[in-house]
Amino acid sequence: MSLRLNILKEAGVEQEKVECFFASKTLSQLVLNALQVAFHFARALIEFELQRRAEKPTDWPQCSGCGAGLESKGFLPRSLLTLVGRIHWRRRVGRCPQGCKMSQVVPLDQALEILPKQQTTRELKELACLLAVFIPYRISAWIFEKFLGAPLGVSSIWVWVQQFGQSAMVQLEKEIERYEREGTVDQEKIPASVLKLKCLMGADGVFAPFRPQGGSPQGKTVWKEVKIGVITRLKQRWNRKGEPVIQLVQRRLVAVLGDAAMLAKRLVLESHKQGTTQASQVIWISDGSKWLWGIYETHFALYVLGVLDFYHSAQNVWKGAAAWLDGRSKQAKQWFVTARQHLRHGDAQRVLADLQQALTQGLNQEQENTINNVNNYLTTHLRHIQYEQFKQQEIPIGSGFVESACKWLIQQRFKGVGMRWSEEGFSHLLHLRLLWVNQRWEPFFQSSPNG
């Protein structure tokens, strides 16, 4: 026991923490106390190394104002909150002997890439932002204090999310501007075996709760649509029963709190990043919303096959059945079952013929309007509802991959009980969440200018 105590004491661990560690009765207590000892040891090790570097001889540069050589004014203290707690050390500070303003230089801080007024290290900010991507700010702050011993305020985490989120937004806007100006984009490094797979694209919208005024929680909740796009590859694998199943790989998302044109810019940019033109086939699947097919026709129709989501088209067929035969009747349900089978097995013309016949049966104006809408809907998308042909070519006919993305991208984080967002706060956190989803988190934080 005495040998272990001496080792920990020599490492700079406080006597109280050492005794608490060895007095732990349960395994959980032992682990948690060991973690605190490890943090204390880590702080002592870091402070020792910083002090060692600070005592090395320093080559002072010249003053940028008058050109005189800077002189050491001794050691001044510095402290920062880190992932292992607050660390303290002293380092040399140089100033101009002529007293020039703004001449103070701290070579060790520069070597460590520490900004003059920085209070927190980057790795702690990064972890705080990562936690905020998944859980509320208050819970993130509690986790830091409970398990890492770093007391962080909710406001601090919020500020870092805004800083890094804004940087992510600016970076994306620059990529869009560059593509629109030069027509160039940096394609992701994708294995050739994945690049050649079938590519699936789609988009949809999901509503999120917002404050009526950005700076105030007062007032009635305003629901605004977040538009989301998905690009993924389809890979076949075999399950334990030896049956073939389709797996989504290289999945990338784009999203924006804005209009269809803003989503289209992001979707076009991402499609080039993913090398969609090199895929063996590219398929667009979505429901029949005009803004969705506007994006498709404007940007992708030349090389992408359009598929109208089967379940949405079937819903519209049911609207026709309900208007024609009364949705509460057995006859309406029976006709819908048959019409759905015709639609699914490539006989959409049979369904359209039935709807045309219905218009000759003396319906009222409301019924005629509904059936005409369904008829126009199916006729407009006649090329996109060849479901039997699509199935034979192993082409998906459902947009569930987009709808599920909407759920776990937006609903799981932004639609908790009592949550309401400002537009800025929402967009900043959304862009950080997209970085994580798209596996671009580490490259972004390694290159981000925010200290």
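## Overall picture

Of the protein's 451 residues, 42% count as buried (buried is under 20% relative accessible area, exposed over 50%, partly exposed in between, using a 1.4 Å probe and protein chains only). Keep in mind that this is a predicted model, where local features need pLDDT of at least 70, side-chain atom pairs count only at pLDDT 80 or more, and totals for chains, interfaces and linings use all residues. Residues are numbered from 1 along each chain as its sequence is written, and side-chain values use heavy atoms, with hydrogens and water left out.

The secondary structure adds up to 18 helices and seven strands (DSSP runs numbered from the N terminus: H or I of at least four residues for helices, E of at least two for strands). The C-alpha trace spans about 95 × 65 × 55 Å along its principal axes. The radius of gyration is 31 Å, while a compact globule of 451 residues would come in near 22 Å (taken over C-alpha atoms; the globule rule is 2.2 Å times the number of residues to the power 0.38).

## Strands β6 and β7

Strand β6 (residues 282-286) pairs with β7 in the parallel sense over four bridges (pairing takes at least two DSSP bridges). Within that pair, S286 sits opposite L308 of β7. Put helix α10 (residues 290-300) together with β6 and β7 and you get a right-handed β-α-β unit: with the strands pointing away from the viewer, the path from the first strand over the helix to the second runs clockwise.

## Helix α11

Next up is α11, residues 310-325. Its 16 residues should span 22 Å at 1.5 Å a residue, and the end C-alpha atoms are indeed 22 Å apart (the expected span is 1.5 Å times one less than the number of residues). At the N-terminal end, D309 acts as a cap, with a side-chain oxygen 3.3 Å from the backbone nitrogen of Y311. After the helix comes D326, whose phi is positive, near 70°.

The buried residues of α11 include F310, H312, N316 and W324. Its buried residues pack against β7, α12, α13, α14, α15 and α16.

## Two glutamines with positive phi

Q250 is in strand β5 (residues 244-256) and has a positive phi of about 55° although it is not a glycine. This residue is buried, at 18% relative accessible area.

Q439 lies in the loop between α17 and α18, with a positive phi near 60°. Q439 is exposed, with a relative accessible area of 63%.

Terms used:
Contact means heavy atoms within 4.5 Å. A polar contact is a pair of N or O atoms within 3.5 Å; within protein, one must be able to donate a hydrogen and the other to accept it, and residues adjacent in sequence count only if both atoms are side-chain atoms.
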